[in-house]
Amino acid sequence: MTGFSRRCRATLHRLPKVCGCEATATVTHSVPTTKHASTQHDTSGYSQRDWASGYSDHKEQPDGYWIDVKGRLPQELTGTYYRNGPGTYKLGDQELAHPFDGHGFILSIAIKDGKAFARTRFVETPEYKSEVAQQKILFRGSFGTQKPGGARSNAFDIFMKNAANTNVIHWGGRLLALFESAQPIAMDPYSLKTLGPDLLGGSVKAGASFDFGPGANGLAESFFKAVGVAGHKHGGEYRLGGEAVTAHPRFDPDTGRWVFFKFQTQASLNPLRSVSSLVSGESSMTGVITFFELDQDMKEVGRVELRTSGYTFLHDFALTPTHYVLMVCPVALDPALFLLGVESAAASVKWQEGKPSEVHLLGRPVVDAPAVPKPQSQQQRQQQHHAGSAQSNGAGKHNSQRESVKPSGHQQQQQPVKQQHQGLSKRRHLPEHLVSKVAAGFVFHHANSYYDASTNCMVVVCCRMDRFPAFDKQAAEGGRTFVDLDMAAQPAARLWRYDINMTDGTHTERCLGQRMLDFPSVHPAFLGRKARYTYGGAALHPTNSAPIQCVAKHDMETGTMQLWSKGSRYFLGEPQFLPRKESQDPFVQLVHASPSSNGNGSGITQPLSVKSAGTSPAEVSPAVRMKEDEGWVLVVGFDAETQQSEVVVLDASDIEAGPIATLPLRTPVGYGLHGTWVPTYYGP
């Protein structure tokens, strides 16, 4: 690729008012003048055929290969990038109705000494093995793909395929492929070999995440077995009462812990209760959302449970040193459409017009920081990776007794929060559970949250849509599939800010810009703290929903946004921020310890804390916080003209300057979903 040094810069301009939201950001744009770039960057001029061509079946490269790096990788950049996403879009002559139903496909890029090594491999779940062997759709997908044969073939099959395609993290000496309708799948971080289901040390129950009660579960399982649903016929996990695990856990730089949530939908098979619910208009379902935290040994050290009335669609959350932050949006599951096989699970989720969204702030069970782990050799880490899988299915013991905590806050309507913890921290005047009703909107992804002591407000920054996306319209209709979707007709995610008063739950909310922006992230050291910069993927069109074709850097202080793109024939996945290890600022330095100092791959020598850093996050000066953009942004791009994928590395402090290095891949790997950066080299 040539021409990266040539670029055009548009002058700052004020965005228009759209969808009733006052724009508060100005934007600078930069599009390199390459053979596929256009100087007209505020456009929706992408080709539907170009975009659809990125959804092609992927080919594995399990043995891996060295990449011919274009440009120069920084010598100090050492570690491994992992990305997960769907890799199958067709089985035999049967096309998937939605790409999110495709089987997980892991890309790894190991970087060291200016060199890069690539490897790709499918997540070999039991469902993957069955469908690939028979080359046909055998399972219901969560997002739109049904088994052939219409409602009759799909009725009463609530055992969704574990696609294991949404995210991948590194913890406890192994990779975990995540899919939020099921349990994690463990993989080897070197070879990407699938090790099997992982119940996170016993913190998670296996099976479908529906619970009809101890006695009713057995009756329901017998019924489902009698009608021959896929979970029984084709080797999937066949039981009820399981717990699905989020595909969006958060790593806490304060404690060195991963924070997850799991969820289960509880319902009654009592026909009298079901009829009563229909008459009253109230849901007969209860959502059970349980946040839990794991230390470096995969031991659960704390949990908080929230019970909600009805079905809750929760993809992501934000994390602060004191609270979990989640957005509960007004959606409801139509159980009849789903159980009778008429629609998939996601297509059965309906937007509830006229109802507000709710921001929930749940107090965390914070424990003392773990001791500094001893350094491990490369051989010890390898032994841990393989030994870890033998324990991944163990039924870890934990106390089922939970302490009831009286809920507090504005307009609290949920059932009491339950907590199990060791050493609950003092939060002074901050409530354990606060609910604030806000304008209706749907949130897939949170950028960050933090407590502002000067205003006594919890600040929540997230990507909000005006409504829930219509998955029922994205599924196959008359031979159409997801790639035929009119993106402009779908709700656009935009960056929003909420300030929630921690005394009475009142709030203010404002849109930070009209350009579609999603997959947001901040410097990992500033998770739960005030961050100046938010990175994400953005559309070329200035206001409409469209495919991601830009890397965006939003300045929360000035309201300006920088963009980098290669034009209308080039598409991008999730941008990943990679912090520099070297920093003179002690507040940031603790997060960038050498990966050789420990064996957990987290890059933490000792837990980051305000005390150890010597300064309060709220007291960090603007001059110091400018250092938070010292690093790189890594993103996978797909060139529709050449039909090839590549990994692009940008300087995070100046993304408009274009790539400092480009890593061409041998085979296309599509757009993917989520990924992670591990400051440990897992290459040859």
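**Entry 1. Surface and burial**

I began with the surface of the protein chain, which exposes about 25,700 Å². Carbon and sulfur atoms supply 50% of that exposed area. I noted that the model is a predicted one. I then looked up burial and found that 62% of the 684 residues of the protein chain count as buried.

**Entry 2. Confidence**

I checked the confidence of the prediction next. The mean pLDDT of the protein chain is 78, and 72% of its residues reach 70 or more. I recorded two stretches in which pLDDT stays under 50. One of them is residues 419–426, for which the model has 31 contacts beyond four places in sequence. Another is residues 583–626, with 100 contacts beyond four places in sequence.

**Entry 3. Secondary structure and contacts**

I looked up the secondary structure of the protein chain, which comes to 12 helices and 43 strands. I also examined contacts between residues at least 6 apart in sequence: 69% of these join residues at least 24 apart.

**Entry 4. A four-stranded sheet**

I followed one open sheet of four strands, whose order is 12-13-14-15 and whose pairing is antiparallel. Its edge strands are strand 12 (167–171) and strand 15 (194–197), each of which pairs on one side only. I noted that neighbouring strands of this sheet are turned by 30° against each other on average, with direction ignored. Within the sheet I traced strand 14 (residues 185–187), which runs antiparallel to strand 15 and is joined to it by three bridges. Opposite methionine 187 I found threonine 194 of strand 15.

**Entry 5. Strands 34 and 35**

I turned to strand 34 (residues 517–521) and found it mostly covered, with five of its five residues buried. Strand 34 pairs with strand 35 (residues 533–538) in the antiparallel sense, over three bridges. I looked up the bridge partner of serine 521 and found tyrosine 535 in strand 35.

**Entry 6. Cysteines**

I searched the whole structure for disulfides and found zero. I then asked whether cysteine 511 is buried or exposed. Cysteine 511 counts as buried because its relative accessibility is 2%, and the cut-off for burial is under 20%. I put the question to cysteine 550 as well: is this residue buried or exposed? With a relative accessible area of 2%, cysteine 550 is buried.

Technical notes
Residues numbered from 1 in each chain as written. Predicted model: local features only at pLDDT ≥ 70, side-chain atom pairs only at ≥ 80, totals over all residues. Heavy atoms only, no water. pLDDT = per-residue confidence, 0-100. Contact = heavy atoms within 4.5 Å. Helix = DSSP H or I, 4+ residues; strand = E, 2+ residues; numbered from the N terminus. Buried < 20%, exposed > 50% of the residue type's maximum accessible area, 1.4 Å probe, protein only. Areas by Shrake-Rupley, 256 points an atom, 1.4 Å probe, with all protein chains shown as cover. Pairing = 2+ DSSP bridges. Axes fitted to C-alpha atoms, helices over the stretch in contact; angles between N-to-C directions. Disulfide = S-S within 2.5 Å.
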